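Here is a short report to read alongside the model. Please have the sequence and the 3D view open as you go.

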Amino acid sequence: MDCLFCKITEGSIPSQKVFENERILVFKDIQPAAPVHVLIIPKKHIGSMNDVEEQDLPLIAEMHQVAQQVAKELGVAESGYRLINNCGPDSGQAVHHIHYHLIGGAKLGALTGISDSHA
Ligand code: AMP
Ligand code: ZN
């Protein structure tokens, strides 16, 4: 499958890993939006939040557990962080392999609503 994050999972595209187990990988975003910006992905290819099936729910729960742990390890658990999932065209989802952005390490702006380009 021609999927960027599957290639990162397989190791054919390099990444700066910050956590890995049999099911989940966390690596640094190549274009960080804040001092801390990592991506939490399942190794299993799931296209987006829309494609999550009931059998995937333990995996999604584990991604949250990993987010909690990684936030602590990266020093933002207390200062705060944002966990973001983009799903579908209006969200700007660019990579069609489900992922959470974990962003922190600085005061974050308010959540954006409707962008000019969508208005
Ligand atoms: P999204 O717009 O939610 O699909 O986010 C995709 C994210 O993947 C963006 O923040 C990109 O900067 C990031 N990204 C794209 N290619 C790479 C890569 N090779 N390594 C790490 N992050 C990447
Ligand atoms: Zn994939």
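Is Leu108 buried, partly exposed or exposed? With a relative accessibility of 28%, Leu108 counts as partly exposed, because the partly exposed class covers values between under 20% and over 50%. Please keep in mind throughout that this is a predicted model.

## The end of the chain and strand S4

Leu108 sits in the segment after S5. If you would like to place Leu108 against the rest of the fold, Ile40 is a handy reference: the two are 68 residues apart in sequence, and their C-alpha atoms are 19 Å apart in space.

Ile84 makes a useful companion to look at. Ile84 belongs to strand S4 and is partly exposed, its relative accessible area being 24%. From the C-alpha of Ile84 to that of Lys107 the separation is 16 Å, with their positions 23 residues apart along the chain.

## The zinc site

Which residues hold the zinc ion (ligand 2)? The coordinating atoms are SG of Cys3, SG of Cys6, ND1 of His45 and ND1 of His97, at 2.0 to 2.3 Å. The angles among the 4 donor atoms run from 106 to 116°, and the site of the zinc ion (ligand 2) is tetrahedral. Written as a sequence pattern, the donor residues of the zinc ion (ligand 2) follow the spacing C-x2-C-x38-H-x51-H.

What does the pair Cys3 and His97 tie together? Cys3 lies in the segment before helix H1 (4–10), while His97 lies in the loop between strand S4 (81–84) and strand S5 (100–104), so the pair links parts that are 94 residues apart in sequence. Both of these donors are worth checking for burial. Cys3 is buried, at a relative accessible area of 5%, and His97 is buried as well, at 0%.

## The surroundings of ligand 1

There are 16 residues around ligand 1, and Asp29, Asn86, Ala94, His99 and His101 come nearest. The polar pairs here involve both backbone and side-chain atoms of the protein. On the backbone side, an N or O atom of Ala94 lies 2.7 Å from an oxygen atom of ligand 1, and an N or O atom of Gly92 lies 3.3 Å from an oxygen atom of ligand 1. On the side-chain side, an N or O atom of His101 is 2.8 Å from an oxygen atom of ligand 1. How much of ligand 1 does the protein bury? Taken alone, ligand 1 exposes 510 Å², and the protein buries 82% of that.

Another residue to look at is Val95, in the loop between S4 and S5. Val95 counts as buried, at 18% relative accessibility. In space, Val95 and Gly47 are 8.4 Å apart from C-alpha to C-alpha, although they are 48 residues apart in sequence.

## A histidine pair

His101 deserves a second look, beyond its 2.8 Å approach to an oxygen atom of ligand 1. His101 is placed in strand S5 and counts as buried, with a relative accessibility of 13%.

Which side chain does the side chain of His101 contact? The partner is His37: the two side chains make a polar contact at 2.9 Å. His37 is found in strand S3, and with a relative accessible area of 7% His37 is buried.

## The nonpolar core

The largest nonpolar core has 18 residues, of which Ile24, Val26, Ile40 and Leu102 touch the most other members. Strand S2 (24–28), strand S3 (36–42), helix H2 (57–73) and S5 are the elements that give two or more residues to this core. Which element contributes the largest share? That is H2, with 7 residues. As general background, nonpolar side chains tend to be buried together in soluble globular proteins.

Strand S3 offers one more residue to inspect: Val38 lies there. Is Val38 buried or exposed? Val38 counts as buried, at 2% relative accessibility. Val38 and Asn21 are 17 residues apart in sequence, with 16 Å between their C-alpha atoms.

Conventions:
Residues are numbered from 1 along each chain as its sequence is written. Chains are lettered from A and ligands numbered from 1 in the order in which they are written. This is a predicted model: local features need pLDDT of at least 70, side-chain atom pairs count only at pLDDT 80 or more; totals for chains, interfaces and linings use all residues. Side-chain values use heavy atoms; hydrogens and water are left out. Donors are N, O and S atoms within 2.8 Å of the metal (3.2 Å for Na, K and Ca); water is not among the atoms, so sites may look incomplete. Four donors count as tetrahedral if all angles lie between 85 and 135 degrees; four count as square planar and six as octahedral if opposite donors are over 155 degrees apart and all others between 65 and 115; anything else is irregular. Helices (H or I, at least four residues) and strands (E, at least two) are DSSP runs, numbered from the N terminus. Buried means under 20% relative accessible area, exposed over 50%, partly exposed in between (1.4 Å probe, protein chains only). A residue is near a molecule or strand if one of its heavy atoms lies within 4 Å of it. A polar contact is a pair of N or O atoms within 3.5 Å; within protein, one must be able to donate a hydrogen and the other to accept it, and residues adjacent in sequence count only if both atoms are side-chain atoms. Accessible areas come from the Shrake-Rupley method with a 1.4 Å probe; for residues, only the protein chains shown count as cover. A nonpolar core is a set of buried Ala, Val, Leu, Ile, Met, Phe, Trp, Tyr and Cys residues joined through side-chain atoms within 4.5 Å.
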